[in-house]
Every structure is written in C-alpha cells, then in structure tokens.
Amino acid sequence: MTVSGTLTRADLAESVNRHIGLSRAESAAIIESILDHMSAALERGENVKISSFGTFVLRDKTQRMGRNPKTGVEVPIEPRRVLTFRASQTMRDRVAAS
C-alpha cells in the first residue's frame, strides 16, 4: 500500500506480481481486465457481487426537489442512476476488528 493510505491499481498489480510470480506487465494486465469486466457489467445495468467482499449496486433515483444551500431556492434534481457499494458481513467484521 502507498504512503497516502490509498490502495491503487499499481498496488494491486504489485501484489499479484509478488504472490503469483507473474511479470509486472502480466499482473497489470490481469488487474485491468478484472476492472474492465466489472465496469462493463455495471454499464449494462448489472450489479457486481464479489463473495466475502461486497456488492456494487446500481440504484435509479427519481426526480426530487432540492434546495440551493446558498440561496435557499428550490430546484428540481433530475433522475439519475447512482452506484453504491454494500460491504459483505465478512468484510464489515474484518474492518471492525482491525
């Protein structure tokens, strides 16, 4: 993991390189392939579930009224699709224990 406390694609590829022994280029290609596959599924409107990790869930939000906090004027917020992540119970337990 990097000093900033953020896990990056490069960190994942390095981990694959160390643990499996593939070249850095092959490791990076595997990570990119996995992320591309997940992204494509989400673009098609599918949820992505990774056992013992969590689920990336697409939700359609309806139009609603919001308020500009600076002016107080009400404005309509357009309907949109949002991506949320729901951690599995296993992941929640691991995070809580650390």
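Begin with the whole chain in view: its radius of gyration is 19 Å, whereas a compact globule of 98 residues would have one near 13 Å. What you have open is a predicted model, and the C-alpha trace spans about 60 × 35 × 25 Å along its principal axes. While the entire chain is still selected, note that buried residues make up 19% of its 98 residues, and that the chain exposes about 7,700 Å², of which carbon and sulfur atoms supply 55%. Among the contacts with a separation of 6 or more, 30% are accounted for by residues 24 or more positions apart.

Next, switch to a cartoon display and colour by secondary structure, which shows three helices and five strands. If you follow the chain from the N terminus, the elements run in the order α-α-β-β-β-β-β-α.

**First stop: helix α1**

Select residues 9–20, which form helix α1, and show the side chains of Glu14 and Arg18 within this helix. These two side chains meet in a salt bridge, with a distance of 3.7 Å from N to O. Side chains of opposite charge can pair when their charged atoms come close. Glu14 and Arg18 are separated by about one helical turn, because they are four residues apart in helix α1. Glu14 counts as partly exposed at 23% relative accessibility, while Arg18 counts as exposed at 55%. Now add Arg24 to the selection, and you have the three residues, Glu14, Arg18 and Arg24, that are linked in a network of salt bridges.

**Second stop: Arg44 and Glu46**

Move along the chain and select Arg44 and Glu46, whose side chains meet in another of the salt bridges, at 2.9 Å from N to O. Arg44 counts as exposed, with 53% relative accessibility, and Glu46 counts as partly exposed, with 37%. The structure holds six salt bridges in total.

**Third stop: the hairpin of β1 and β2**

Select β1 (48–50) and β2 (54–61) together with the loop between them. The two strands pair in the antiparallel sense over three bridges, and a place to look for this pairing is Lys49, which stands opposite Thr55 in β2. Together β1 and β2 form a hairpin with three residues between them.

Which residue in the turn of this hairpin has a positive phi? Select Ser52, where phi is near 65°, a positive value in a residue other than glycine. Most residues other than glycine have a negative phi. Ser52 is partly exposed, its relative accessible area being 44%.

**Fourth stop: from β2 across to β5**

Keep β2 selected and add strand β5, which covers residues 80–87. These two strands run antiparallel and are joined by eight bridges. To see one position on this pairing, select Lys61, which stands opposite Arg80 in β5.

**Fifth stop: the hairpin of β3 and β4**

Now select strand β3 (residues 64–67) and strand β4 (residues 74–77), which pair in the antiparallel sense over four bridges. Met65 has Pro76 as its bridge partner in β4. Here too the strands form a hairpin, this one with six residues between them, and Gly72 in its turn has a positive phi of about 80°.

Show the side chains of Arg67 and Glu74 as well, since they form a salt bridge whose closest N and O atoms are 3.3 Å apart. Arg67 is exposed, with a relative accessible area of 55%, and Glu74 counts as partly exposed at 45% relative accessibility.

**Last stop: a nonpolar patch**

Finally, turn on a surface display and select Ile50, Phe53 and Phe85: which kind of surface patch do these residues make? The patch is nonpolar and has an area of about 240 Å². Phe85 is found in strand β5, and Phe85 counts as partly exposed because its relative accessibility is 38%.

How values were computed
Residues numbered from 1 in each chain as written. Predicted model: local features only at pLDDT ≥ 70, side-chain atom pairs only at ≥ 80, totals over all residues. Heavy atoms only, no water. Patch = residues over 30% accessible without salt bridge, like charges linked within 9 Å, V, L, I, M, F, W, Y side chains within 5 Å. Areas by Shrake-Rupley, 256 points an atom, 1.4 Å probe, with all protein chains shown as cover. Salt bridge = Lys/Arg side-chain N within 4 Å of Asp/Glu carboxyl O. Buried < 20%, exposed > 50% of the residue type's maximum accessible area, 1.4 Å probe, protein only. Pairing = 2+ DSSP bridges. Rg over C-alpha atoms; globule rule 2.2 N^0.38 Å. Contact = heavy atoms within 4.5 Å.
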